Amino acid sequence: MFTRTKTRTVHFDGPFTLAGLDGTYPAGDYQVQDDEEQITGISWLAYRRISTVIEVVTGKKKSLIDIDPSDLDAALEKDKQLATQKN
């Protein structure tokens with residue numbers, strides 16, 4: 001089966017937490033990788049997400065942590081609302 005990885009940068013204006021991460025992480029930019037597999041047996045090219053990881057730095061160590069993409073979306077939305085309230 002054919003798989004691909006899409007990398008994107010997400011930005012948090014304030015500290016955040018996510019299920020799967022230990023503790024609270026500081027505001028800033030974070031790399032997120034989505035692995036997708038090709039859906040076969042259909043007449044058009046389509047993919048489905050099979051995993052999402054976020055790159056975090058603790059001390060001098062970089063780690064890729066599995067996360068739920070809906071948790072990430074919720075945390076980004078919460079961060080956006082908090083940033084709007086501050087302005």
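What follows looks at helix 1 and the nonpolar core in this predicted model. Local features need pLDDT of at least 70 and side-chain atom pairs count only at pLDDT 80 or more, while totals for chains, interfaces and linings use all residues. Numbering runs from 1 along each chain as its sequence is written, and side-chain values use heavy atoms, with hydrogens and water left out.

Helix 1 covers residues 69-86, 18 in total, and spans 26 Å from first C-alpha to last, close to the 26 Å expected at 1.5 Å a residue (that is, 1.5 Å times one less than the number of residues). Helices here are DSSP runs of H or I, at least four residues, and strands are runs of E, at least two, numbered from the N terminus. Pro69, Leu72, Ala75, Asp79 and Ala83 of helix 1 are buried (under 20% relative accessible area; exposed is over 50%, partly exposed in between, with a 1.4 Å probe and protein chains only). Down the helix axis these buried residues fall within an arc of 120°, so they line one face; the arc is taken from the directions from the axis to the C-beta atoms. Lys78, Thr84 and Gln85 sit exposed on the face turned away.

The buried side packs against strand 1 (3-12), strand 2 (28-38) and strand 3 (47-58), contact meaning heavy atoms within 4.5 Å. Asp79 counts as buried because its relative accessibility is 8%. Beyond four places in sequence, Asp79 touches His11, Phe12, Asp13 and Gly14.

As for the largest nonpolar core (buried Ala, Val, Leu, Ile, Met, Phe, Trp, Tyr and Cys joined through side-chain atoms within 4.5 Å), 13 residues make it up, with Phe12, Phe16, Leu18, Leu21, Tyr30 and Ile54 having the most contacts inside. Strands 1, 2 and 3 and helix 1 each give two or more residues to this core. Leaving aside neighbours within four places, Leu18 contacts Ile54, Ile67, Asp71, Leu72 and Ala75.
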